[in-house]
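Got a model open and wondering how to read its cores, its disulfide and its surface? Let's go through it together, one feature after another.

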Amino acid sequence: MFSFCTDPATLPQWQWFACYLTTPTHFAFYRSFLMVMLLLAITAPVALALGLVGAMAVRSRIWPVSWLGKGYVNLVRGVPDIVFFMFVPIALGQGIEWVFHHIQCPDWDQPIRQGNDFIVCREAKVPSVNAPAWVRNVYAFSMAVVAFALVFGAFAANTLYGAMQAVPKAQIETAEAYGMTRAQAFRRIIMPQMWVYAIPGLSNIWQILIKATPLLFLLGLQDAVYWARELGGQKTSLYTYPHPDWRMWYFLALLCFYLFLTWASERGFARLNNRLSRGQATAAGERQRRAAT
């Protein structure tokens with residue numbers, strides 16, 4: 001990056017670090033932090049939407065819908081997360097390729113399943129064989145979003161269902177007594193009030209989601225943990241910038257990054273909880289009324 005970055009062996013210490021920290025691999029390390037933030041920004045609302053749909057399905061009076069919602073919640077919550085992170089991209093990817101295979105190659109006369117191998121025609125590969133690297137990265141990232149959203153959507157569904165049940169039933173019965181339908185009572189009574197009961201559980205799910213982002217390497221993405229391990233490991237003379245084992249310092253940087261995310265998240269959820277508690281018949285709402293008087 002700098003003009004003096006020619007021979008690392010002849011550079012003084014500050015110039016050596018300036019050149020070392022601006023190598024292309026280090027910029028990939030810096031971009032990996034943005035990838036983590038992007039994953040959180042996309043996955044959180046998708047998981048929350050899945051959770052809301054799942055919670056509504058669980059409390060549905062239509063038994064097939066209720067069973068489907070309970071099955072989704074209990075299945076995902078009962079299986080280790082890492083299994084879903086490995087299974088969903090493989091199953092979904094092979095399912096897409098299977099559909100494309102039957103569309104693009106109808107004359108294929110060989111079995112797709114050949115032992116442990118899943119073989120489709122060249123035209124059905126997703127992403128395509130000649131796809132550039134950025135397309136492959138976007139595809140892997142999309143699979144990661146789906147896997148994370150499915151897992152954490154189930155936890156959100158269980159939390160939101162509990163929050164819906166926490167809304168005083170007397171208010172719902174009063175609304176229905178005044179002529180509201182069940183759907184209207186849900187939109188006007190349950191939905192506005194349930195969030196104050198759901199915030200503590202949702203904040204915990206958010207923190208767990210943050211801690212789960214290092215599992216991105218399982219999905220073929222070069223995340224911050226991957227680069228910290230690669231860049232911090234002891235180099236040999238084959239590398240341009242050999243150095244001792246610095247993994248402790250790289251993982252210390254990761255520690256600071258995740259602690260900052262945790263601290264900022266706690267502050268954000270505390271503010272949100274205070275805002276949602278205004279006028280509510282909860283302990284926090286009661287404290288706000290006493291402070292106002």
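What follows is a short dialogue about this predicted model.

Q: Let's begin inside. Which residues have the most contacts inside the largest nonpolar core?

A: The general idea is that in soluble globular proteins, nonpolar side chains tend to be buried together. Here the largest nonpolar core has 58 residues, and Phe-29, Phe-148 and Phe-152 have the most contacts inside it.

Q: Which elements give two or more residues to this core?

A: They are α1 (13-20), α2 (24-58), α4, α5, α6 (169-177), α7 (182-212), α8 (224-232) and α9. Of these, α5 gives the most, with 13 residues.

Q: What does Phe-148 touch, not counting residues up to four places away in sequence?

A: Quite a list: Leu-39, Thr-43, Phe-85, Gly-153, Leu-209, Ala-212, Thr-213, Leu-216 and Leu-219.

Q: What lies apart from the largest core?

A: Another core, this one of six residues, including Ile-112, Phe-118, Cys-121 and Ala-124.

Q: Cys-121 makes me think of disulfides. How many does a search of the whole structure find?

A: To call one, look for a pair of cysteine sulfur atoms within 2.5 Å. The search turns up one: Cys-105 is joined to Cys-121, with 1.9 Å from S to S. The torsion about their S-S bond is about 90°, so this disulfide is right-handed. The pair links distant parts of the chain, 16 residues apart: Cys-105 sits in the loop between α4 (81-104) and β1 (113-114), and Cys-121 in the loop between β2 (117-118) and α5 (133-166).

Q: Are Cys-105 and Cys-121 buried or exposed?

A: Buried means under 20% relative accessible area, and both Cys-105 and Cys-121 are buried. Cys-256, on the other hand, counts as partly exposed because its relative accessibility is 49%.

Q: Where does Ile-119 lie, and what is it in contact with beyond its neighbours within four places in sequence?

A: Ile-119 is in the loop between β2 and α5. Beyond those neighbours, Ile-119 contacts Trp-108, Pro-111, Ile-112 and Gln-114. With 28% relative accessibility, Ile-119 counts as partly exposed. For a sense of distance, the C-alpha atoms of Ile-119 and Ala-28 are separated by 33 Å.

Q: Now the outside. Which residues form a nonpolar patch on the surface?

A: For a patch, look for residues with over 30% relative accessible area. Met-248, Trp-249, Leu-252, Leu-255 and Leu-259 form one here, and together they have about 550 Å² of accessible area. Met-248 belongs to helix α9 (residues 247-276), and its relative accessible area of 55% is why Met-248 counts as exposed.

Note on methods. Residues numbered from 1 in each chain as written. Predicted model: local features only at pLDDT ≥ 70, side-chain atom pairs only at ≥ 80, totals over all residues. Heavy atoms only, no water. Patch = residues over 30% accessible without salt bridge, like charges linked within 9 Å, V, L, I, M, F, W, Y side chains within 5 Å. Areas by Shrake-Rupley, 256 points an atom, 1.4 Å probe, with all protein chains shown as cover. Salt bridge = Lys/Arg side-chain N within 4 Å of Asp/Glu carboxyl O. Helix = DSSP H or I, 4+ residues; strand = E, 2+ residues; numbered from the N terminus. Buried < 20%, exposed > 50% of the residue type's maximum accessible area, 1.4 Å probe, protein only. Core = buried A, V, L, I, M, F, W, Y, C linked by side-chain atoms within 4.5 Å. Contact = heavy atoms within 4.5 Å.
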